Amino acid sequence: MLEQLLASVIDGLLLGFIYGLAAMGLTLIFGVMEVINLAHGPIMALGMFGVYYLSMEMGLNPYLALILVAVLGMVLGLVIYGIAVHRILDAPELSSLLATFSVNMMIIGLGTAFFTTSPYNVEFSMGSLSLGPIILPWNRVASAIIAVAATALLYFFLYRTPPGKAIRAVSQNRDAAELMGIPSTTMLALSFGIGSMLATVAGGLVATLFSFTILSGATYELKSFVIVVLGGLGNPAGALVGGLILGVMEGVIPVFIETSWVPVIEMVLFVLILLVKPQGLLGAK
Amino acid sequence: MFSLLLVITMASSLNIILGYTGYVSFGHIIFYGFGGYVGFYLISQQGWSLWLATLAGGITASLLALMLGSAILRLKGAYFALSTIGANVAMMAFINNITFFGGPTGLSLNYSIYQDYGGPAQAKWLIFYTLFGLALVTVITSFMVKFSKFGLGLMVIREDEEAAKVLGVRTPLLKTQAYSLSAFFPGMAGVLFFFKNGSVEPNDAFPLHQSIEMIVMVMLGGQGTVLGPVIGAGAYEQLRSYLLTSDLFKDLQLAIAGLLLLLIVLFAPTGVIGWLRSRSNELRRILE
Amino acid sequence: MSQKEAILQGRKITKHFGGLAANTDVTFNLYKGEILGLIGPNGAGKTTLFNQVNGVFSPSEGEIIFREVEITKWPPYKISSLGMARTHQIVRPLKELTVLDNVIAGACFGHQNHPLGKAKEIAEEVLDFVKLVERRNMLAGSLNVAQKKRLEMARALAANPVLLLLDEVLAGLNPAEIDGMIEVVQRIRNERGISIFMIEHVMRALMTVSDRIIMLDYGRLIAEGTPEEIVNNPQVIEAYLGDPKLAEKLMQGGA
Amino acid sequence: MAVLEVKNVSSGYGEVQILWDVSLQLEKGKLTSMVGGNGVGKTTLMRTIVGLLKPWQGSIMFNGKEVTKLSAHTKAAEGIVLVPEGRQLFTDMTVYENLELGAFSPRAKANFSRNLEMVYEMFPRIKERLNQLTGTMSGGEQQMVAVGRGLMAQPEILMIDELSLGLSPLLVLDLFQILLRLKGEGYTILLVEQNVQMALAISDYAYVVADGKIELQGTSKEVANNAHVREAYLGI
């Protein structure tokens, strides 16, 4: 029992880093421009298909493919920002929700036409790592390491580089940032780009672990919502912690009750936190 | 025609909370699904008549909204919208686990039951007329709300909730009432629809994307107007059935609907009615 | 003096936001039928005080008594039903509703809680009173600033309140509009017997309409008296024009 | 020589016009103040000059070059710097980060260390708290950071909106002394200040704004001795 529990916790933690990475993209965008990106899931799905095509069809190593996918994710984000997001930033909230959802519908619609809704698999294995009684597939370990590295890079960017600081400045006070000579529109577009880059990378990592369809993004999008709310909307560090909490929960809960209760618990928790502690468990601000 | 009447009912009732009160519910389908499930259970497992069960479906959906609303209507803007998504998914996952609702496989009817209503064909007509009546009652209710003191209170909340409180509007009460009312009709519609289909399962009952399609319909016609949701529902349904039957577009139905939504949001945020109203003052008075 | 009935009492009202004290120990009375002015420099805590009086915030400490009922922690709609109405410094018209509907809302939800039909009659009458009746079918969002201010006033009046809080109703108006508004304020008290508590920056106007004035500075009540007493109060002059000695000191230090 | 020339500018928010045909000049190295009641349009004018609001009519010339339609960040990068009302700091960032962001533009970056030294010297209090989040500071300290951040931007024109708002008299004295010093060092300053007496005491030239128009202008002495100004403020 204890061993099983430990294995579940480790499993959950490894997955949690990827969840956290995905949620970070969502929370970054919200933190900077108060837009809840409802196209987050489909963008993740595109990341999955990106890795699939680059590795299975073009023979690239999946992890190398991730780099290309990241670049494409950035470009995709910039395009989405320019077409659907920029114009509704000052409009009521409903507008941004609907605009990003319309992007969601378009990606899912086109994606279904191209890829159908049948499952795809990135077939690829690197053996396992044994830690005493616990056996971990290297895929999972590598994904978690990459997710951690990407998180660290994001933090380095946001806290140590001038454009990163400028993005934080814009997120805190857009007018004041303009007054300091910071081109706020460029920074907003850049953060949307980074947000969707993180989504595609997280999607790509998921693709190296599980089979997926064009609709798979939706599940991860919902998980990202839960995580983001756990960690506090707009707080990237919180997203990482939230991701780990969710990962561990998903690992541990099935040890005690049926797996099908997991989403009920997740979503009830989500609504409860929104109600009781909307600033998130970490209590930013 | 069934689905047209259904979407008119859904869009008009959503409009009460979305258009009049200004609260964006991304999970309004929850009331259709939950009310429908309860009614269907009463018919298929407890032998209730369709009429009683339909009423029960509406009432339980309203009660759900009352409970849910008294909690989540405290949230503002995006937080409210997110919580409705959460509630929707939670409910679907919950029903999946409830054995007397049949879990993931759902419930189905013994087809002999249609004999009580004059055979399957007759029953279908019966449901059609009932649904027609329901759609009509929903639109009439929407009209009555719009021109009542209650409706004025809701619109004051939509315009400025803080100012509403200062004016003496008991905002928590009114919001909850509006939410509850807007859940009643979808609950009944759910029972009728599942009864017509003869079965229900969680994935049919709580499709998140339909919640958002409802919002599109309301927006397309014009939120906050009586006729807007009706026109929007009609137009959207027309478009969807055209796309679904066209060889060229049938795979791209969703993408085109998405594009349409984006165009509305970017260029015509007040919908068809809003656009017409802004053309002329005369029309404004007619097109409430 | 002791005969006067205090309709609103603030007792040691204190409000903190985080570490900042917006109001500290503010105690005052407002007597029935009186126009009480509230002045103070920007950021002195005037609007914060209003927000506590009508329930938008509840005070961190202290009590508020209105018509002999303690209302300290009541929500605004409950206070409103007891007969208090207010206007906002930054006007809050219900933009997508018509002017008439804005005022009807005031009549049917506030103090009197009238049905729609009766509320409409009252609204028409009040709109006439503030000279906005010919614009009743326009959307409130399309009015200009002066009209929006009068609309706020009408909306508050339609509730037939016992006490009316006015937050800078004169700001942003030109001299002619100011005179018009002053007349309206006076008529509200004289013809309708409504007590008035008003924040105002246009001192000249306040001097002519108010019976008494209280002054806040850094969140504390520092002066109280008739307009005459207030203008001659050195603390008031200092707060508004700046301390003449401070300016001298500065010039010496700087030279 | 006029560094900044505002000619016949009208502006406002949405459909509401706030400024009517306003003209104003800033002379190089002079301290100009703008006084007037609440809501008369001083802040709106400042926001229009820096480009947060677009003028509806009229033009704005900066060093003889037209800058009327440039965006706020471009103007800031060229040296038109505003220390806005209410500080508007990046409250979840440290003092040092705020100062650093002040020097975002290439022009300002080139003078980074020199300006930083100057700010440290003027505001020793700030130097002691470089790693504190500005949101946790007192109003006075925040105002110092705001002025410091403005100075880091290497201003050709330094505009300050409500320097003394909500600060205690002692702090106000400190800040005004800093202003005097900046004036002595040749900064061109436009000051909006509710403390009329103090503003007029230290400035060279003054504009009185009322109802979105320039009602009166002249040397500070002339304005200070004008009976009309006293009347407009106190009604005496």
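Just one residue pair is counted in polar contact between chain A and chain B, with both residues at pLDDT 80 or more. Keep in mind that this is a predicted model. Salt bridges don't add anything here: the rule finds zero of them across the interface of chain A and chain B. What the two chains do have is about 3200 Å² of buried area, with carbon and sulfur atoms giving 86% of it.

**Who takes part in the A–B contact**

- Chain A puts 35 residues into the contact, and chain B puts in 38.
- On the chain A side, helices H3 (62–85), H4 (93–115), H9 (216–231) and H11 (262–276) each bring at least two residues to the face that touches chain B.
- H4(A) has the largest share of that face, with 14 residues.
- Sorted by type, the chain A residues touching chain B come out as 29 nonpolar, four polar and two charged.

**A buried helix in chain C**

- Over in chain C, helix H3 (residues 99–109) is largely enclosed by the rest of the structure, because 10 of its 11 residues are buried.
- The buried residues of H3(C) include C:Val99, C:Leu100, C:Val103, C:Ile104 and C:Phe109.
- C:Asn102, C:Gly106 and C:Cys108 are also among the buried residues of this helix.

**What covers H3(C)**

- From its own chain, the cover over the buried residues of H3(C) includes helices H2 (76–81), H4 (116–129) and H5 (145–158) of chain C.
- Chain B chips in too: its helices H6 (149–159) and H7 (161–167) are part of what covers those buried residues.

Definitions and conventions:
Residues are numbered from 1 along each chain as its sequence is written. Chains are lettered from A and ligands numbered from 1 in the order in which they are written. This is a predicted model: local features need pLDDT of at least 70, side-chain atom pairs count only at pLDDT 80 or more; totals for chains, interfaces and linings use all residues. Side-chain values use heavy atoms; hydrogens and water are left out. Contact means heavy atoms within 4.5 Å. Buried area is the accessible area (1.4 Å probe) that two parts lose on being put together, summed over both. A salt bridge is a side-chain nitrogen of Lys or Arg within 4 Å of a carboxyl oxygen of Asp or Glu. A polar contact is a pair of N or O atoms within 3.5 Å; within protein, one must be able to donate a hydrogen and the other to accept it, and residues adjacent in sequence count only if both atoms are side-chain atoms. Helices (H or I, at least four residues) and strands (E, at least two) are DSSP runs, numbered from the N terminus. Ala, Val, Leu, Ile, Met, Phe, Trp, Tyr, Cys and Pro count as nonpolar, Asp, Glu, Lys and Arg as charged, and the others, Gly among them, as polar. Buried means under 20% relative accessible area, exposed over 50%, partly exposed in between (1.4 Å probe, protein chains only).
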